[in-house]
Amino acid sequence: MGELTENGVENKEDKLTCEKRKISKLAEKSLIKGDLWFLVDSRWHQQWERYTTNHLCLLDSQDKSESLHPGPIDNSSLFDAKASHEIREHLVEDADYKLLPEQAWKILKESYGVIEDQTAIERKVVEKGEYIKKKVIEIYPLKLKLCNYKNKEALVVKKYSVTTTIDELEKDMKHSLNIPKHQDTRVWNAYLDDYEDLSDGAKTLEEYSLQKDQMVVIEEINSDGTWPYDAERTSSPSTSCNGSATLNKTSGSGSYASSPSYRLRNNRQTPGLCGLSNLGNTCFMNSALQCLSNVPVLTSFFKNDDYKRDLNLTNPLGTKGRIATEYAELIKTLWSGDHSSFIPRDFKLAVGQFQSRFLGYQQQDGQELLAFLIDGLHEDLNRISKKPYVEAKDADGRPDNVVASEAWQNHLKRNKSHIVETLHGLFRSTVDCPECPRVSVTFDPFCFLSLPLPVKRERSVECTFVPVDYDEDVVKYKVTVSKSGLIKDVCKALSELVSIRQENMTATDIYNSRFHKIFGESDQIRNIYEKDFIYVFESPADATMLPVYMRYSSPGGSWYLFGQPIMVPVSLHTTTHRDLYKAILRAAFRYFSNEDLKRDVERMLRSDYEDDVMNEKENSQEQEEKEEENLYKLFQIKAVNSFGTQEQKVFEDTTEPLKLSANLYLSADWTKEAYDGHFTSQWLGMVKTHESARPGNVKKSPSGVHLRNCMELFTSKEQLGEDNTWYCSSCKKHQEAFKKFDLWMLPPILVIHFKRFSNTRWSRDKLDTFVDFPTRDLDLTDFVVNPAAKKLEKKRRCYNLIAVSNHYGGLGGGHYTAFAKNSVDKKWHYFDDSSVSDSAEERVVTKAAYMLVYQRQDVESWSNEHPDRPFTFMEPMFSPRAMGMIDDVTPFNFNTNQNSQSNEDVLNNNDADDDMDTT
């Protein structure tokens, strides 16, 4: 190893192998506060990985190895088209970019360079969290609008880390706004119509929950020691016309009281009808909070301070009561009837401190937030101080009711809280071995009923068809194919629309003027992701399709990709330089804007078919030949790497056939003058849209599915895959067993979650399937395998809807709202962040529904009759105790000092004391 071979291949092999190993090791480096990391475009990184990995397999094919060369680092796709110095919103790690430490970046930059005039995207490692410290790479620093109180129109936009303190911000604002360093100032957060003081200089921007594009105002003290804002405040009413709260500030001292985070109502109105302000992509949190807030038995528990007697400050799995306390304060504000909206900064901060994924202001999943909140409340209120070890036991032939009782009792030995009594139910899980009679039956608690959506195993693929004839339109189509299908299935579906055989098509993925992938007909459709731009080129049967990049030169000599790359048909063994030149002109013809050029090119192309006609015009033949010669000087043809950034060879204009190969990538290099003078700037505007791709013509199921269909799918038997096998204790090996879930008991408050989002490493998809669900009398008894379920009276087995969390739009840029039925006015309302409006019951069932909250009818009756008293019997609906169905098992008793009652007595006694004695 290391010796130089005749063509130097072995040295290259050593270098690339070493380079890949070194970069991979550096990428695994632990985060250190203050270190710099760099963003690298994922597509460029994938190409680099292919180059450094596959070169060992391509030593006998130098051309193919060079075609894999990634060229200079190109992060163009990461930048915002409207603001080239800003990165795009909602970038996703791995899918859009890779993170590399500074040393790895320097190695790649030295080896490959960076495209001309492109700024490196560097980000710093910061430490977030007050109680739980976590080091993260801050991809999106906080962008703030800064201004002087004396001139609010003169804005300065700057970015800061969320770990920046107010003192640091104030110092930088003085510098940016030309305020003397020693001038006495104070800083305000100008949110909505209120000014919030930012008086604690040691606090960070994160702790003050400042959001993107927030206006921050710095105020200079007057020469007489007074403050301009105080003078304006004393000369105006104490409350603004919109009812927003004013501030209590002390003039002249530079200190001022903390401002409230809410807007006052002009008149006291219905409790619970209070919006939550969006702190920056926090609609997911607001929606979840409004749903949980409108669960009467939970809200009264926190509003009346009943939760305080259960606070567990020593639970290592809890938050020392912080989440419970902040949630209680939030509930008291929402249900005071004094506020029209509230800014939940303290709650957001508390959540972020104990769950790092909710730090910052990236859009998150509402169900994940609600799950964290419910679990946090449970652990903060868990009456079990020391959780005993409990061994999970299989049924081993014992009756279901005995095993279920045992499982529930074991659960209560470790988890006993108002949350468990209100929201926890029990599943029965059955696993059948496919090779032996072994059947495993276990019972497991649940808090959410997460239901899959029964959808067709099909997907729509949007693709743009590019005909080989230059005078035919490029048209965008939408076809429907099997999710498990192949690329040839896409071509087959497209062929029915364009009347071209599928064998005469080449499918590609084009992004940012570059071929990301050229598909083979056997490639899986799952390789096409949601945001991919698929172009299908017509391919003549007797030709090989070669990819061609369009490039123009800069004054500095660099080459820039532009427009859409093209595929041209060639014969690998007989194509001359001029044949290839004409093929490129033919493919690029439709993008020319210069009419004179189009006329000359069209005449040259037609001469291939009309030589006889053209030869009759002898007088003009010499002139036409001269013009044709000029056409051959418009651009140069070069061999390049697969990214179009690395030049490998220039093809000379000879009459001999060119040496071409099927894996060759080409470029047509135009001068800047030719690019400016001959091409349209509206490349995408050249594409026509077929009716199949128009939004109004997308075929959708008019009826969608029913909630019952989701339950049937959830409780159906399925076989485990090879990556999720089950160990059979009888066979002594892992088996692809059959698994089935059933409901055993349901809680008083039932939360249903629709699995609308699917995730892979490279993509996320959302299912917009409409699910029809009842707003009243939901009865899931048919799905409950507990034999005593049907014996219950209607109000103890039926549920009414009380809240819905909605998710609109796609991924990343979607929006959450909520519908909820107010327990005071008994009406439905729509919550959209800080806005609250009336709604109607028939309007809450939409295809945007993501989470449903149902309340059992007996609980609703109790809440209506006793709005300020907790429901005193919160056992889940089909628990052994509540149903009185087990004679040989001691009934559950939260208070061990009380004598056990008969199951029948407990069942009929709504005044039974189920609170655990914690004294």
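The exercises below, each with a worked solution, concern aromatic rings in this predicted model.

**Exercise 1.** Determine how the rings of Trp44 and Tyr112 are arranged, and where in the chain the two residues lie.

*Solution.* Begin with the whole structure, which holds 34 aromatic pairs. For Trp44 and Tyr112, the distance is 5.6 Å centre to centre and the angle between the planes is 80°. Planes over 60 degrees apart count as edge-to-face, and the pair of Trp44 and Tyr112 is accordingly edge-to-face. Next, locate the residues: Trp44 belongs to helix H2 (residues 42-54) and Tyr112 to helix H4 (residues 102-112), so that the pair links distant parts of the chain, 68 residues apart. Finally, both Trp44 and Tyr112 are buried.

**Exercise 2.** Explain why the pair of Phe427 and Phe446 is stacked, and place both residues in the chain.

*Solution.* The ring centres of Phe427 and Phe446 are 4.2 Å apart and their planes stand at 20°, which is why the pair is stacked; the cut-off needed here is under 30 degrees. Phe427 lies in strand E13 (residues 425-432) and Phe446 in strand E14 (residues 439-446), 19 residues apart, and this pair too links distant parts of the chain. Phe427 and Phe446 are buried.

**Exercise 3.** Identify which charged residues lie over the rings of Tyr149 and Tyr632.

*Solution.* Over the ring of Tyr149 sits the charged end of Lys152, 3.9 Å from the ring centre. Over the face of Tyr632 lies Arg578, at 4.0 Å from the ring centre. Tyr632 also takes part in one aromatic cluster, whose members include Tyr581, Phe635 and Trp670.

Note on methods: Residues are numbered from 1 along each chain as its sequence is written. This is a predicted model: local features need pLDDT of at least 70, side-chain atom pairs count only at pLDDT 80 or more; totals for chains, interfaces and linings use all residues. Side-chain values use heavy atoms; hydrogens and water are left out. Rings of Phe, Tyr and Trp (its six-membered ring) pair if their centres lie within 6.5 Å; planes under 30 degrees apart count as stacked, over 60 as edge-to-face and the rest as tilted. Helices (H or I, at least four residues) and strands (E, at least two) are DSSP runs, numbered from the N terminus. Buried means under 20% relative accessible area, exposed over 50%, partly exposed in between (1.4 Å probe, protein chains only). A charge sits over a ring if NZ of Lys or CZ of Arg is within 6 Å of the ring centre and within 35 degrees of the ring normal.
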